[in-house]
Amino acid sequence: MSFSSIGVVGAGTMGHGIAHVSAQAGFQVVLFDVTLQAAEAGLAKIEKNLAVGVEKKKVTPEAKAAALERLRVTDSLSALAGCQLVIEAVPERLGLKQELFKALSGHCADDAVLASNTSSLSLTELAAAATQPQRVVGLHFFNPVHLMKLLEVVRALQTSDETVERVRAYGAAIGKQLIVVKDSPGFASSRLGVALGLEATRMLEEGVASAADIDQAMKLGYGHPMGPLELGDLVGLDVRLAIAEYLYAETGSPTFRPPQLLKKLVRAGKLGRKTGEGFFRY
């Protein structure tokens, strides 16, 4: 392994999943959030997901116990000082992530890799906020992290070959299949996925078909495991809207112009699974 200890910043949906797969693969993991309560809530979700794995006989009780033993939680960024790889999974706001990379630069060793789980923001701009910007890279995981196989590695303009090779080794250790892309708006996965989701939203807005039938078309006709509207609900419609606005501003392409229906749902607080209603009710 190119790393022995992993730091994860943010214990929410993506962060606790990244901590989960890292600990299960044998890494020592420090899971940070702004409050200890939030970090402990992330740890509880990891324990719950591991317990489901035990019930389904995909994880042994011994492996579950060993993974939890490798995890510790904190509300202090200084606790990440000894981590050789730190992955941030904080909200998709460029300014917030830039401030975080500045702070991590002061806490972590100069050769520690600083990674972002951003799904669309510019890695080149994020790297510019860090000292030793050549050690900054994108590690775009997919939800749920412990089940999804893909890991998208994003090279900033400054990212060194050594950094890419180090995170390749980490990706292999946690059992992910990697693709490597250059920093560009939406990378590969988000750019294609958001385009499909927005077009599905426009079709629903125009009354072309019901939400259920639009999703069935992609699941049964194209073999997608989840329809684009259901996937939007899973990701969070507020997150999808923010990414669409960013891509539209960066590319100018009408493909990424947010549909009015998406804006209305977000304004109404109907954000998908996390609020109980979005394109579908839960």
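## Notes on a predicted model

1. A good place to begin is the pairing of the opening strands: β1 (residues 5-9) runs parallel to β2, and five bridges connect them. Please keep in mind while reading that this is a predicted model. To find the pairing by eye, look for Val8, which stands opposite Leu31 in β2. Strand β2 covers residues 28-32, and four of its five residues are buried, so this strand is mostly covered.

2. Strand β1 has another partner, β4, and this pairing is also in the parallel sense, with four bridges. Here the residue to look for is Ile6, whose bridge partner in β4 is Leu85. Moving on from β4, you will find β5 paired with β4 in the parallel sense over four bridges. Glu88 marks that spot, with Ser116 as its bridge partner in β5.

3. Which residues of β4 are buried on each side? Strand β4 (residues 85-88) has Leu85 and Ile87 buried on one side, while Val86 and Glu88 are buried on the other, so both faces are covered. The general rule behind this is that side chains in a regular strand alternate between the two faces of the sheet.

4. Next, have a look at the loop between β5 and α5, where Thr118 is found. Is Thr118 buried or exposed? Thr118 counts as buried because its relative accessibility is 1%, and the cut-off for buried is under 20%. The side chain of Thr118 makes a polar contact of 3.0 Å with the side chain of Glu92. Beyond its neighbours within four places in sequence, Thr118 is in contact with several residues, including Glu88, Lys97, His140 and Phe187.

5. The loop between β5 (113-116) and α5 (123-128) also holds Ser122. Ser122 has a relative accessible area of 13%, and is therefore buried. Which residues does Ser122 contact, once neighbours within four places in sequence are left aside? They are Asp183 and Tyr246. With Asp183 there is a polar contact between the side chains, at 3.3 Å.

6. Now for the second largest pocket, which holds about 410 Å³ of space. It is lined by 19 residues, and those closest to its centre are His20, Lys58, Val59, His146 and Leu147. Helices α1 (13-24) and α2 (36-55) each give at least two residues to the lining of this pocket. The largest share, four residues, comes from α2. Sorted by class, the lining of the second largest pocket has nine nonpolar, six polar and four charged residues.

7. Some backbone details deserve a friendly flag. Most residues other than glycine have a negative phi, and most peptide bonds are trans. Lys57 has a positive phi, near 60°, and is found in the loop between α2 and α3 (61-69). With a relative accessible area of 76%, Lys57 is exposed. Gln132 also has a positive phi, about 55°, although it is not a glycine. Gln132 sits in the loop between α5 and β6, and is partly exposed at 32% relative accessibility.

8. Where is there a cis peptide bond? Such a bond joins Asn143 and Pro144, with omega at about -5°. Pro144 is in the loop between β6 (136-140) and β7 (150-155).

9. Towards the other end of the numbering, try helix α9 (residues 228-235), in which Pro228, Leu229, Glu230, Gly232 and Asp233 are buried. What do the buried residues of α9 pack against? Their partners are α7 (189-206), α8 (211-222) and α10 (237-251). After α9 comes Gly236, with a positive phi near 110°.

10. Finally, take a look at Gly95, which lies in helix α4 (residues 94-107). Gly95 has a relative accessible area of 40%, so this residue is partly exposed. Gly95 and Ala129 are 34 residues apart along the chain, and their C-alpha atoms are separated by 9.7 Å.

How values were computed: Residues numbered from 1 in each chain as written. Predicted model: local features only at pLDDT ≥ 70, side-chain atom pairs only at ≥ 80, totals over all residues. Heavy atoms only, no water. 1 Å grid on protein atoms, 1.4 Å probe; cavity = no way out; pocket = protein on both sides within 12 Å on 5 of 7 lines; lining within 4 Å. Points joined across faces, edges and corners; volume = space filled by probe spheres on them. Nonpolar A, V, L, I, M, F, W, Y, C, P; charged D, E, K, R; others polar. Buried < 20%, exposed > 50% of the residue type's maximum accessible area, 1.4 Å probe, protein only. Polar contact = N/O pair within 3.5 Å; in protein donor to acceptor, adjacent residues only side chain to side chain. Contact = heavy atoms within 4.5 Å. Pairing = 2+ DSSP bridges.
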